[in-house]
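Hi everyone, thanks for making time today. I'd like to walk you through a structure that may be new to you, taking it one region after another.

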Amino acid sequence: MSTPSDNAPAAHSAGAEESRPSLAALLLDPSFWADWASVVGLVGLVIVFGIAQPVFLSVANLQALLLAAAILVVLSIGQTFVVATSGIDLSMAASVMLGAVILGLVNAAGWGILLACVAAVLATSAVGFLNGVIITAGKIPDFVVTLGTLSAITGLGLILSGGEPTMVGSTFLLKLASGSFGPFGYPVWVAISAVIVAHIVLYHTRFGVHLLATGGQTESAGALGIRTNRVKIAAYTISGLCAGIAAVLLVARIGSAEPLINTSLLLNSVAAVVLGGVSLFGGRASILGPAIGALMLTALVNGLTLLSVSAFYQPLAVGAIVVLAALIMRYQK
């Protein structure tokens, strides 16, 4: 005869199995799709485009896709830090433009390409720092401040450049854009490095804990002694830093500093964050999710291009996916 104690492990095991959701229940749970939207979407696109256009899965195309996604991955990381504090940086694409203009002008003035790259990163970081200071000191909604910054630095970039692109002939940038190490180009390695560093900062440092606490419950975090204003300023500065790195990669890729804003960078950076499962209300974030979201959006544009779909439909497809992802996010636990 078995005793109650003998049956305890079996009962515990049975209870654990009962508490574990079935695959069908998991697939019907909207929060599952909210958490895994970018992964599921990327796998779905790879399957669909791979069947519709086999060239999509060729090594050359996949390498080109990763190169094209590198800039967006870096930007999505910066946007993630801001969104984790329940904010948003609408000036990010304009910061990329300003960084590119400053890089071109400093290089044209004969200061050397490395100093020009440093100047670009410092300038965009300063823009992010200024955003954070105005938002926290002025207690002004983030979207208002960053929208104003978007307009201001767009005008500043046009004034500095005269509205004309600046050619940047640099061996360093040429190698950065076209060189490779192993199977990936240098821009891909830059993006991978950014993902690793950001993941460590977010999950293995005190700053990361304070960042998520600030985004989740700002008042409670303040009551615990966390300097929430400093955390928010740091988040916007990181966003500016990422915009500067993206500006260097962009100039290396196109060979010139363009004073015109690539507005799709802003939309896609926010879209990648949403697809990556980062809560728009703050307090919950990951780095790998937005990076995969950026890959998914780049794969979408790449696949549609290979299928000869008009470029006019690409923003429509991206917008529809973003709205769908935002709707799914409502059910995120």
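Before we start, one definition: a residue is called buried when its relative accessible area is under 20%, and exposed when that value is over 50%. Please also keep in mind that this is a predicted model.

Let's try the definition out straight away on Pro 290. You'll find Pro 290 in helix α15. Is Pro 290 buried or exposed? Its relative accessibility is 1%, so Pro 290 counts as buried. And what does Pro 290 touch, if we set aside residues up to four places away in sequence? The list is Ser 76, Thr 80, Ala 272, Val 273, Gly 276 and Val 278. Take Ala 272 from that list: Ala 272 and Pro 290 are 18 residues apart along the chain, and their C-alpha atoms are separated by 4.9 Å.

While we are in this part of the chain, have a look at Val 274, which is found in helix α14. Val 274 counts as buried because its relative accessibility is 3%. From Val 274 to Ala 285 you go 11 residues along the chain, and the C-alpha atoms of the two are separated by 10.0 Å.

Now let me step back to the whole protein. It has 16 helices and 4 strands. There are 333 residues, and 45% of them count as buried. The accessible surface comes to about 16,400 Å², and carbon and sulfur atoms account for 71% of that. Here is a number about how the chain comes together: if you take contacts between residues at least 6 apart in sequence, 77% of them join residues at least 24 apart.

Leu 98 gives us a case to look at. The place of Leu 98 is in helix α6, which covers residues 92–108. With a relative accessible area of 3%, Leu 98 is buried. Leaving aside neighbours within four places in sequence, Leu 98 is in contact with Val 127, Ile 153, Leu 156, Gly 157 and Leu 160. Another residue to find is Gly 155: Leu 98 and Gly 155 are 57 residues apart in sequence, and 9.4 Å apart in space when you go from C-alpha to C-alpha.

Next, please find helix α8, residues 142–161, and in it Thr 146. How accessible is Thr 146? Its relative accessibility is 0%, and therefore Thr 146 counts as buried. What does the side chain of Thr 146 reach? It reaches the backbone nitrogen of Leu 90, at 3.3 Å. Beyond its neighbours within four places in sequence, Thr 146 is in contact with Ile 88, Asp 89, Leu 90, Ser 91, Asn 131, Ile 135 and Tyr 236.

Moving to helix α7, residues 113–138, we meet Ser 125. Ser 125 has a relative accessibility of 13%, so it counts as buried too. Its contacts, again without neighbours within four places in sequence, are Thr 237, Gly 240 and Leu 241.

On to the loops, where I have two residues for you. A bit of background helps here: most residues other than glycine have a negative phi. Lys 139 is found in the loop between α7 and α8. Lys 139 is not a glycine, yet it has a positive phi of about 50°. Its relative accessibility is 69%, so Lys 139 counts as exposed. Then there is Ser 308, in the loop between α15 and α16. Ser 308 is not a glycine either, and its phi is positive, at about 60°. At 66% relative accessibility, Ser 308 counts as exposed.

Last stop, the largest pocket. How much space lies in it? About 490 Å³. Which elements give two or more residues to its lining? They are α5 (59–83), α13 (228–254), α14 (263–275), α15 (288–306) and α16 (313–329). The lining has 19 residues, and those that lie nearest the centre of the pocket are Asn 262, Ser 264, Leu 265, Asn 268 and Val 301. Sorted by class, the lining has 12 nonpolar, 6 polar and 1 charged residues.

That's my tour. Thanks for listening, and I'm happy to go back to any of these places on the screen.

Technical notes:
Residues numbered from 1 in each chain as written. Predicted model: local features only at pLDDT ≥ 70, side-chain atom pairs only at ≥ 80, totals over all residues. Heavy atoms only, no water. Buried < 20%, exposed > 50% of the residue type's maximum accessible area, 1.4 Å probe, protein only. Polar contact = N/O pair within 3.5 Å; in protein donor to acceptor, adjacent residues only side chain to side chain. Contact = heavy atoms within 4.5 Å. Areas by Shrake-Rupley, 256 points an atom, 1.4 Å probe, with all protein chains shown as cover. 1 Å grid on protein atoms, 1.4 Å probe; cavity = no way out; pocket = protein on both sides within 12 Å on 5 of 7 lines; lining within 4 Å. Points joined across faces, edges and corners; volume = space filled by probe spheres on them. Nonpolar A, V, L, I, M, F, W, Y, C, P; charged D, E, K, R; others polar.
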